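Here is a set of short questions on one structure, each with a reasoned answer. Look at the side chains first.

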Amino acid sequence: AGQALSGGILREGEPELELYLGCLSGGCSKSPIEVLKGACVDMTTAEPVNQALELFSKLLDEMEALTA
């Protein structure tokens with residue numbers, strides 16, 4: 001979820017930051033899944049996990065290139 005949130009902020013800027021801040025202000029008023037949905041991160045799908053795995057793979061490729 002963190003990678004999806006930060007990626008959205010880096011790509012979209014202020015609008016995504018506002019969604020993230022709204023997510024933080026949700027506190028305990030909703031379940032964590034519902035709070036994240038409010039920030040456009042739907043953890044009931046595979047998409048956030050797939051995005052994180054893609055980033056991890058990219059970083060591993062970069063590390064391998066640097067150590068080769």
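Q: Glu-16 is buried; which side chain of opposite charge is nearest?
A: This is a predicted model. Glu-16 is placed in helix 2. Glu-16 is buried and has no salt bridge. A salt bridge needs a side-chain nitrogen of Lys or Arg within 4 Å of a carboxyl oxygen of Asp or Glu. The nearest side chain of opposite charge is 6.3 Å away, and it belongs to Arg-11.

Q: Which residues does Glu-16 contact, leaving aside its neighbours within four places in sequence?
A: Glu-16 sits in helix 2. With neighbours within four places in sequence set aside, its contacts are Gly-8, Ile-9 and Ala-39.

Q: Which residues does Ala-39 touch, not counting those up to four places away in sequence?
A: Ala-39 belongs to the largest nonpolar core. Glu-16 has Ala-39 among its contacts. Seen from Ala-39, and not counting residues up to four places away in sequence, the list is Leu-5, Glu-16, Leu-19 and Cys-23.

Q: Which residues make up the largest nonpolar core?
A: The core has seven residues. Helix 1, residues 2–12, and helix 3, residues 32–38, each supply at least two of them. The members are Ala-4, Leu-5, Cys-23, Val-35, Leu-36, Ala-39 and Val-41.

Q: Is Leu-19 buried, partly exposed or exposed?
A: Leu-19 is found in helix 2. Not counting residues up to four places away in sequence, Leu-19 touches Gly-38, Ala-39 and Cys-40. Its relative accessible area is 29%. Buried requires under 20% and exposed over 50%, so a value in between has its own class. Leu-19 is therefore partly exposed.

Q: How far apart in space are Leu-19 and Leu-36, C-alpha to C-alpha?
A: Leu-19 is in helix 2. Leu-36 is a member of the largest nonpolar core. The two residues are 17 apart in sequence, and their C-alpha to C-alpha distance is 9.3 Å.

Q: How far does helix 2 reach from its first C-alpha to its last?
A: Helix 2 covers residues 14–25, which is 12 residues. At 1.5 Å a residue, 16 Å is expected. The helix is close to that value, with a reach of 16 Å.

Q: Which residue with a positive phi follows helix 2?
A: Helix 2 ends at residue 25. The residue in question has a phi near 50 degrees. It is Gly-27.

Q: Why is Cys-23 in no disulfide?
A: Cys-23 counts as buried because its relative accessibility is 11%. The closest cysteine sulfur is that of Cys-40. A disulfide needs the two sulfur atoms within 2.5 Å. The pair is too far apart for a bond, because the separation is 10 Å.

Q: How many disulfides does the model contain?
A: A disulfide is a covalent bond between the sulfur atoms of two cysteines. Cys-40 is in none, its nearest cysteine sulfur being that of Cys-23, 10 Å away. The count is zero.

Q: What is the phi of Cys-40?
A: Cys-40 is found in the loop between helix 3 and helix 4, residues 47–67. It counts as exposed, at 58% relative accessibility. Most residues other than glycine have a negative phi. Cys-40 has a positive one, near 65 degrees.

Q: Is Cys-28 buried or exposed?
A: Cys-28 lies in the loop between helix 2 and helix 3. Its C-alpha is 28 Å from that of Arg-11. Its relative accessible area is 83%, so Cys-28 is exposed.

Q: Which residue forms a salt bridge with Lys-37?
A: The model has one salt bridge. Lys-37 and its partner both lie in helix 3, three residues apart, about one turn of the helix. Their closest N and O atoms are 3.9 Å apart, within the 4 Å limit. The partner is Glu-34.

Q: What is the relative accessible area of Glu-34?
A: Lys-37 is partly exposed, at 35%. Glu-34 is also in the partly exposed class. Its relative accessible area is 40%.

Q: How far is Glu-34 from Thr-44 in space, C-alpha to C-alpha?
A: Glu-34 is found in helix 3. Glu-34 and Thr-44 are 10 residues apart in sequence. In space, their C-alpha atoms are separated by 9.8 Å.

Definitions and conventions. Residues are numbered from 1 along each chain as its sequence is written. This is a predicted model: local features need pLDDT of at least 70, side-chain atom pairs count only at pLDDT 80 or more; totals for chains, interfaces and linings use all residues. Side-chain values use heavy atoms; hydrogens and water are left out. A nonpolar core is a set of buried Ala, Val, Leu, Ile, Met, Phe, Trp, Tyr and Cys residues joined through side-chain atoms within 4.5 Å. Buried means under 20% relative accessible area, exposed over 50%, partly exposed in between (1.4 Å probe, protein chains only). Helices (H or I, at least four residues) and strands (E, at least two) are DSSP runs, numbered from the N terminus. Contact means heavy atoms within 4.5 Å. The expected span of a helix is 1.5 Å times one less than its number of residues. Lys and Arg count as positive and Asp and Glu as negative; His and the chain ends are not counted.
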